[in-house]
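User: I'm new to reading protein structures. Let's take this one a question at a time, and please explain each term as it comes up.

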Amino acid sequence: MALESAELTLELNDDATTEDLVNSIPAKDKNYLYIVREGIRLSPSSKLNDGDEILIVPPIAGG
Amino acid sequence: MTETVLTGKELRWVGKSITRKDGAGKVTGETKFFSDMVLPDMLWAKVARSKCPHALIKRVDTSKAETVPGVVTVLTHKDIPGLNAFGIIIPDQPVLCHDKVRYLGDAIALVAAENLEATERAVELVEVDYEPLPVVSDPIEAMKPDAPKVHSKGNIQRHATVRVGDVEEAFREAAVVVENTFRTGRQMHMFLELEAGVGMLDSEGNIVLYVGGQSPYRDQMQVSRALGISLERIRVISTPVGGAFGGKEENTVQIHLALLAMKTKRPVKMVWTREESGVAGMKRHPMNVTMKTGADRNGRILGNKVQIIADTGAYASLGPTVLDVAIENSCGPYRVPNVNIDAYLVYTNNGVAGAFRGFGAPQVNFAIESNLDIIAEKLGIDRLEIRKRNALREGDIGPFGYRILGSVGIYETLLKTENSDVWTHREKYKATASKPWCRRGVGIVTAVKGFGFGTLPDFGAASIQITPAGKFVVGVSCPEIGQGALTAYSQIAAEALRCDVADIYMASADSRLAPDTGTSSASMALVRGGNAILAATSKMVNLLLETAANILGEPKEHLVLGESCAASRKNTKKSLTYAEIAQTLHQSGSETRVIAGFNVPRVDKPVEGSIEIPHWSYMYASAVALVEVNTLTGTVKVLKFFLSPESGKIINPQSYMGQCEGAIVQGLGFALTEEAQIDNGVIRTNNFTTYIIPTICDTPEIQVDPVETYEKIGPFGAKGLGEIGIIPVGSAIANAIYDATGARIFTLPATPERVYWAIKEKIGIEVNERKGQG
């Protein structure tokens, strides 16, 4: 995944989980992406809700 | 619900110098760090490191090492089950090298033994056949197409270009244009506790790491990636930390300890030696900065053209974003309408550079503040006045074409500086040199740095649990690394929960006990962790009021929090203490823990060519140094240092002053003495006898006079702080040396030799000029 920030809107099934979301995004290395909702990291099995704003964070740090 | 708690009353804890929770133990020496840890059945571990700065590995033979009495295991790259690489941004550093070494610190094998002596003998018996390669030690040479390649893709790890406006046109319009090249040294962190820790398995076979670091969850991720096991099976406890300053943001001993614990199924301890830390540890990026700056006749900057060459050593670590911070700060806190920057991050065989307090900003600050002084002199403008004329103001467009969203207090810090004792009475101080051959001078500069990760996505979460006694356990994973974060977090939590600060207990820096609050880095731990705590207190307040409402039979809306109690607004006799509410919650089996977080505000899109520029908000400061230069020896004594940071709301004044004073003293080293000398890939200064850090004897009289403001994205209006104090120190001292002697310093540290020869050169120029005048 490029380091630049970007926004995208995804259409997922009603019972979609974090893992489904990760599988649907165009990222190169999906194993260590942090999926964050309202500041809290979600587990792969966390259920997503309609209208959720999700932050996808590659495990990097700036300064 | 939070608003009813936070507004309309005087702050009880925030803004007070509450004694550091961790202070007494650290001052008395009672605190036990992980390097002090001893466990039953514990093994010792050591790394067999490369003896060549650059070579192909033809053979690794551990058979002799394995025969040393007491040795339990020797591991090589073949024993790594997952990715044999680490690196926070780009995993380009091998956990254990298999085909090539790129610096003397590269790890080749791991030894675990019953005692330390056996590990030391065994690592010497690890046989490695090398095919030496030419050593790449000069980053400028390394950039040439025919230079030996440190990595197969070439030595330029990153080339960033940022363009705003038309800088050449700006130079044509300028009344004065100056161009100079500045160089800065390779500073080491020299934390008192070396890279160290203990790894073990718990009763379920999960890995537990006790390693003082700057982010347990990032360490967990890197260990997971290398060992190929799930995150949940790795617990990282990162506190206490005996000093970090950025040098423990990257993996050091974590992956090695995890590998050895998995293999031996015993507790394993590793403590690097001071010399090993010098060879293998992170360092500040040395930079070559060529800066061409143009200004109109009133001293207003019209354009700045900058080339930055940063030596990242053998691996990238955090170098790509260090480069961004260098770019972002190369124009200072000034209005600069035209900018042209080319920045290079270059691989060499010179150790490894990574995060270090200031993160690229002190290096470029030296350049812009020197150039601005030169321009001021050419135009006959007072040095403070030229900074006031160029200083950014609230709501201004910054140097990269974006509007600055956070508070901007640089002008106000210059006003404070103008009225400071050292500036006001500078002529008096300059006139009283201690010896006839000594000269005194003052240097005035400003500094800026964003806090947080700029446009990179960032977040933080915190948890709060109420105990049966009605007290609170606050979970935050950002480690206390000496900055006073634990105490500040407690103050924020106590303020928001309206309880005594003594009733707040921190569950800190443990990936099993606290949610992910991110890293203690980028001057962001207070803002990120504090906001996460406020989000969690909001949920906890709601829980307290709902529970009290049920018990009292009152609508929740009629209740308000008092000091450690919930009471009816209408009938103050109807109240419950937190202990009473907690007992109901615990006895009923209700949830007693809440968790909440927040996404760090950021500008959506980075400036073209950058990774993380701009930041949402910035720290600012102005500073003055008074120095005395011995013109016979070139030695520089800093007599006074004045710092005025724009502070946001100060959460704990005592910790605030400690941070500023510590940063200034660390900056003295960057300015005057600290430089890891690496000669053809071999470090020559790797302990305290040859690498000289400032002591109390070198510490000047320090005055800190903050401009207190309100930062709208900070908890209670707080800003970041940890790095801003170090950024102006080198440039202020360099400008003071010029003021004292007329000799301009272009290389830091300004060692006695450099100052001596700069004075000689200046005298030589004057002599030649006199000769020329006949």
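User: How many residues of chain B are in contact with chain A?

Analyst: Heads-up: this is a predicted model, where local features need pLDDT of at least 70, side-chain atom pairs count only at pLDDT 80 or more, and totals for chains, interfaces and linings use all residues. Residues are numbered from 1 along each chain as its sequence is written, while chains are lettered from A and ligands numbered from 1 in the order in which they are written. Two residues are in contact if their C-beta atoms, placed from the backbone, lie within 7 Å. By that rule, 17 residues of chain A are met on the chain B side by 37 residues.

User: Which element gives the most to the side of chain B that touches chain A?

Analyst: Elements here are DSSP runs numbered from the N terminus: helices (H or I, at least four residues) and strands (E, at least two). H7, H10, S19, H17 and S25 of chain B each bring at least two residues to this side. By class it has 22 nonpolar, eight polar and seven charged residues (Ala, Val, Leu, Ile, Met, Phe, Trp, Tyr, Cys and Pro are nonpolar, Asp, Glu, Lys and Arg charged, and the others, Gly among them, polar). The top contributor, with five residues, is S25(B).

User: Is Lys539(B) buried, exposed or partly exposed?

Analyst: You count the other C-beta atoms, placed from the backbone, within 10 Å of a residue's own: 20 or more is buried, 12 or fewer is exposed, and in between is partly exposed. Lys539(B) sits in helix H17 of chain B and, skipping neighbours within four places in sequence, touches Val594(B) and Ala596(B). Its C-alpha is 6.4 Å from that of Val594(B), although the two are 55 residues apart along the chain. Because it has 18 other C-beta atoms within 10 Å, Lys539(B) is partly exposed.

User: Which helix gives the most to the largest nonpolar core?

Analyst: A nonpolar core is a set of buried Ala, Val, Leu, Ile, Met, Phe, Trp, Tyr and Cys residues joined through C-beta atoms within 7 Å. The largest one has 263 residues, and those with the most contacts inside it are Val111(B), Ile733(B) and Ile737(B). With 14 residues, the helix that gives the most to this core is H17 of chain B.

User: How are H12(B) and H13(B) oriented relative to each other?

Analyst: Axes are lines fitted to C-alpha atoms, for helices over the stretch in contact, and angles run from 0 to 180 degrees between N-to-C directions. Under 35 degrees is roughly parallel, over 145 roughly antiparallel, 65 to 115 roughly perpendicular and the rest oblique. Leu384(B), Arg387(B) and Lys388(B) of H12(B) meet Tyr411(B), Leu414(B), Thr417(B) and Glu418(B) of H13(B). The helices pack at about 160 degrees with axes 9 Å apart, which means H12(B) and H13(B) are roughly antiparallel.

User: Lys416(B) is in helix H13 of chain B; is Lys416(B) buried or exposed?

Analyst: H13(B) is mostly covered, with seven of its nine residues buried. Setting aside neighbours within four places in sequence, Lys416(B) contacts Ser644(B), Asp705(B) and Val707(B). Since 20 other C-beta atoms lie within 10 Å, Lys416(B) is buried.

User: And how do H10(B) and H11(B) line up?

Analyst: H10(B) is largely enclosed, because eleven of its eleven residues are buried. Val325(B), Ala326(B) and Asn329(B) of H10(B) make the contact with Ala361(B), Gln363(B), Val364(B) and Asn365(B) of H11(B). The two axes come within 8 Å and cross at roughly 25 degrees, so H10(B) and H11(B) are roughly parallel.

User: What is omega for the peptide bond from Leu748(B) to Pro749(B)?

Analyst: Most peptide bonds are trans. Pro749(B) lies in the loop between H20 and H21 of chain B. The bond leading into Pro749(B) is cis, with omega near 5 degrees.

User: What is phi of Ser523(B)?

Analyst: Most residues other than glycine have a negative phi. Ser523(B) is in the loop between S21 and H17 of chain B, and it counts as buried because 25 other C-beta atoms lie within 10 Å. Although Ser523(B) is not a glycine, its phi is positive, about 55 degrees.
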